[in-house]
Amino acid sequence: MEKQIMYEKILSDLKKKISAGEYGPGDRIPSEKEIGEAYQVSRITAKKAMEILAEESYIVRQPGRGSFVNKNIEDVIAAPSQQIPSRMQKPKRRKRIGVIFDTFGNDFGTELLRSIEQECTRRRFDMLFRCTYGNMDDEVMAVQDGLDAGVDGFIVMCAQGEVYNSAILQLSLNRFPIVTVDRQIKGVPIPCIKSNNFAAARELTDKLIEHGNKKICFLTHASIETSTISERYGGFSESIVKNGTVTGVFAKIESYNPAPMDIEKEYGRIDLSEYKKIAEDFGDCTAFLTAEYKIAVLLRRALEETDIKKEIATFDSIETVYRTGREFTLIKQNESLMGKKALEVLTDLMDGKKTEMITDVPYILRERKAEP
């Protein structure tokens, strides 16, 4: 009863202040935190009062910015008979989730996106999706567009780079519900759902060493400062150091395009010159560990054209009727579980619950098919 009385008191007080003009049209009103501190109640109690104010059109809530008095408040006050007498008579607005991906394709991302969409449908959430294709400016715009559309939370696969999106960092500071997938923003308290990339890369490198390789090149497309790449390179390095007699080297593709493509259909239009140069420059390496599947496929094509044989290990794969992805030793991530966990954690955040900062989703290691 005490919580019900307190939220009703808060509701009544705010209505009186708005009606008296203490908060005028368009004015920002105190946040749930500020109200909670003023009345010495929990944020949940304050939130309940604010939700009723919004449903009765006294205020407009803008995620990431705050709550503001309706600019047409005089009409709202003058026509009380048009207001809904009980919040139980108004259908509750469905939660709206913003999903922003750096990229997605058949090798990684498509199943993750499908899983998120299916989980949104199961929970009766609306979902807005945007793909930024590695463009940081587009990612900032996607965040703002989501806020303008009234999303209640974000699931984000951040663009890979040394610097992270300032808009996402600001959301974190404002305690707006946000979860990242696949890539962790280190040093920022945003929950992340991902594979244990360090352990996965270590296992892949161990397998390459088991197969007799004595010099292995780690080939990536993104900065080593990017969280996923950093973890994978860390696992690679630990395996090399642990084995002692094996040498590890590092190389980076500068001309990588993050946009998804059908590698089979577009092969003739892909410039393999940089991959061929890497194969030549690192000719004494007997194996490569690539940071992404598409790099592995393009490197394999370059090696075939130059008639060079090297073993390749990578992450994820494209599996079709014609190709099984078993030409490489690889780590297959559980995208379906990753998407489901992302929605679970985001829902907890939206409900005001505490969550784990890191959720490692199990993966599987698959060895390549033996040469005939």
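**Close-up 1. E311 in its strand.** In this predicted model, E311 sits in strand β12, a stretch that covers residues 311-315. Is E311 buried or exposed? E311 is buried, because its relative accessible area is 9% and anything under 20% counts as buried.

**Close-up 2. The company E311 keeps.** Here we look at E311 and H211, whose side chains are joined by a polar contact of 2.6 Å. H211 also turns up among the residues in contact with E311 once neighbours within four places in sequence are left aside. The rest of that list is L208, N213, T286, A287, F288, T329 and R368.

**Close-up 3. C131 and what it touches.** Now over to strand β5, which takes in residues 126-131 and includes C131. C131 counts as buried because its relative accessibility is 15%, with the cut-off set at under 20%. Which residues does C131 touch, not counting those up to four places away in sequence? They are F101, D102, T103 and F104.

**Close-up 4. C131 and A142.** This pair is 11 residues apart in sequence. In space, C131 and A142 are 8.5 Å apart, going from C-alpha to C-alpha.

**Zooming back out. The whole chain.** The close-ups belong to a chain of 372 residues, 48% of which count as buried. The chain has 13 helices and 15 strands. Take the contacts between residues at least 6 apart in sequence: 72% of them join residues at least 24 apart. As for the outside, the chain exposes about 18,800 Å², and carbon and sulfur atoms supply 49% of that area.

How values were computed: Residues are numbered from 1 along each chain as its sequence is written. This is a predicted model: local features need pLDDT of at least 70, side-chain atom pairs count only at pLDDT 80 or more; totals for chains, interfaces and linings use all residues. Side-chain values use heavy atoms; hydrogens and water are left out. Helices (H or I, at least four residues) and strands (E, at least two) are DSSP runs, numbered from the N terminus. Buried means under 20% relative accessible area, exposed over 50%, partly exposed in between (1.4 Å probe, protein chains only). Contact means heavy atoms within 4.5 Å. Accessible areas come from the Shrake-Rupley method with a 1.4 Å probe; for residues, only the protein chains shown count as cover. A polar contact is a pair of N or O atoms within 3.5 Å; within protein, one must be able to donate a hydrogen and the other to accept it, and residues adjacent in sequence count only if both atoms are side-chain atoms.
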